[in-house]
Amino acid sequence: MWAGRFAEQVALVTGAASGIGYGIAARLGREGCTVILADMDEQGLAAAVSNLKQSGIRAAAHTLDISDAAQVSQCVDDIVRDHGRLDVTVNSAGIIGQTSTPIVDYDVEVYERVLRVNLLGSFLVTKYALKPMLERKYGRILLIASIGGKEGNPGMAGYASSKSGVMGLVKGVGKEVAESGVTVNGIAPAVIRTPMNEKTSPEQLKYMVERVPMKRLGTVEEVASLAAWIVSPEASFNTGFVFDLSGGRATY
Ligand SMILES: NC(=O)c1ccc[n+]([C@@H]2O[C@H](COP(=O)([O-])OP(=O)(O)OC[C@H]3O[C@@H](n4cnc5c(N)ncnc54)[C@H](O)[C@@H]3O)[C@@H](O)[C@H]2O)c1
C-alpha cells in the first residue's frame, strides 16, 4: 500500500455499501483519496461511510440506482460541484439474479433486471463519469465484470450474459477514448468471499470453487489491491483490458 498515492484525488465507487465496492473504497481512502460511496442500500451506505470516517478517511455517501440515467448523471454532477473533480470511478454495483437455474426455467423478468443493473448500469456510470474526466484529460474508470462473463457459468444466464456485455463495453470504450488521458479497464474475478455469495446456491458455489486451481475463494483485499493499481496514475499504458483475478481458473 502507498499512503498518499491518491492524495488530492476524488473517486466514485458504486456498490460501496458492501463487499468488493466497500473494500475498494476503503483501500483508496487509506491511500489518501476522497471517496464518494454510492449504493441503493441507504442504511448499508450510512454504516459504510461512518466506518471509513472513523478510520480517518474522507468519505461521503450518495444514494443511487445505477440503472437510472438521471440519478447517475446527477451523482456525477454533484461530485464535480462539491469536489471540483472526478479522477477515479469504480463500478462495483451488481446483482447475481437466479443461480442453478437452467435457461428454460429462468424468469424473463429476472433476466431483464440483471441486464438492466449489471449492463445498462455499467454503461450509464461509464457514460456520465467520462464527461468530466475528458474535460480534464485525466481519469480512470474500472468496471467489475466476472469470470462468469469470460468463461460462462451454467445456470446463470442473466449474470453470464450481462458480464460478457460489461467486458465488451470495457474493450470498446477503452479504445474509443484511448488518446484522451482516460483509461477504461475491467476486472474479471472468480468467486470472491462477499455477501453476494450468501445468495448463491451451495451447488453453484461448489461448482465455481472446484474450478479454481487454488481451490479457494478470493478475498476482497485481493480485488482491492489490483483495483487500486489499475485506477492509479501509475497504470498509464493499460486500457480496454479486462484483468484476470481467478486463482488460475482463466489463464488468458
Ligand atoms: N463476489 C463474487 O464472487 C464476485 C465475483 C465476480 C464478480 N463480482 C462482481 O463484483 C461486484 C460486487 O459484488 P459483491 O460480491 O461485492 O456483491 P455485494 O452484494 O456484496 O455488493 C453489491 C452492492 O451493489 C449494490 N447494488 C445492487 N444493485 C444496485 C443498483 N441498481 N444501484 C446501486 N447499487 C446497487 C448492493 O446494494 C450492494 O451493496 C458485482 O458487480 C459482482 O457481479 C463478484
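**Notebook: fold, strand E1 and ligand shell**

I started with burial: 49% of the 252 residues of the protein count as buried. I note here that this is a predicted model.

*Overall shape.* I looked up the dimensions next. Along the principal axes, the C-alpha atoms fill a box of roughly 50 × 35 × 35 Å. I then checked the radius of gyration. A compact globule of 252 residues would have a value near 18 Å, and the protein has 17 Å, so the two agree.

*Secondary structure and contacts.* I listed eight helices and seven strands. I also looked at contacts with a separation of 6 or more. Of these, 73% link residues 24 or more positions apart.

*Strand E1.* Is strand E1, residues 10-14, enclosed or open? I went through its burial. Five of its five residues are buried, so E1 is largely enclosed by the rest of the structure. I took the faces one at a time. Val10, Leu12 and Thr14 lie on one side, and these are buried. Ala11 and Val13 lie on the other side, and they are buried too. Both faces of E1 are therefore covered, as the burial of E1 would suggest.

*Partners of E1.* Which strands pair with E1? I found E2, residues 34-39, paired with E1 in the parallel sense over five bridges. In that pairing, valine 10 stands opposite threonine 34 of E2. I followed the chain between these two strands. It leaves E1, passes through helix H1 (residues 19-30) and reaches E2. This β-α-β crossover is right-handed.

I then turned to E4, residues 88-91. E4 runs parallel to E1, and four bridges join them. Here alanine 11 stands opposite valine 88. Val10 and Ala11, which I had already noted on opposite sides of E1, thus turn up again in the pairings with E2 and E4.

*Ligand shell.* How many residues surround the ligand? I counted 30. The closest are Gly15, Gly19, Gly94, Thr194 and Met196. Next I asked which elements give two or more residues to this shell. They are H1 and helix H4 (108-136). H1 gives the largest share, three residues. This is the helix that I had followed from E1 to E2.

Last, I sorted the shell by residue type. It divides into 14 nonpolar, 13 polar and three charged residues.

Terms used. Residues numbered from 1 in each chain as written. Predicted model: local features only at pLDDT ≥ 70, side-chain atom pairs only at ≥ 80, totals over all residues. Rg over C-alpha atoms; globule rule 2.2 N^0.38 Å. Buried ≥ 20, exposed ≤ 12 C-beta atoms within 10 Å, placed from the backbone. Contact = placed C-beta atoms within 7 Å. Pairing = 2+ DSSP bridges. Right-handed = clockwise from strand over helix to strand, strands pointing away. Near = placed C-beta within 6 Å. Nonpolar A, V, L, I, M, F, W, Y, C, P; charged D, E, K, R; others polar.
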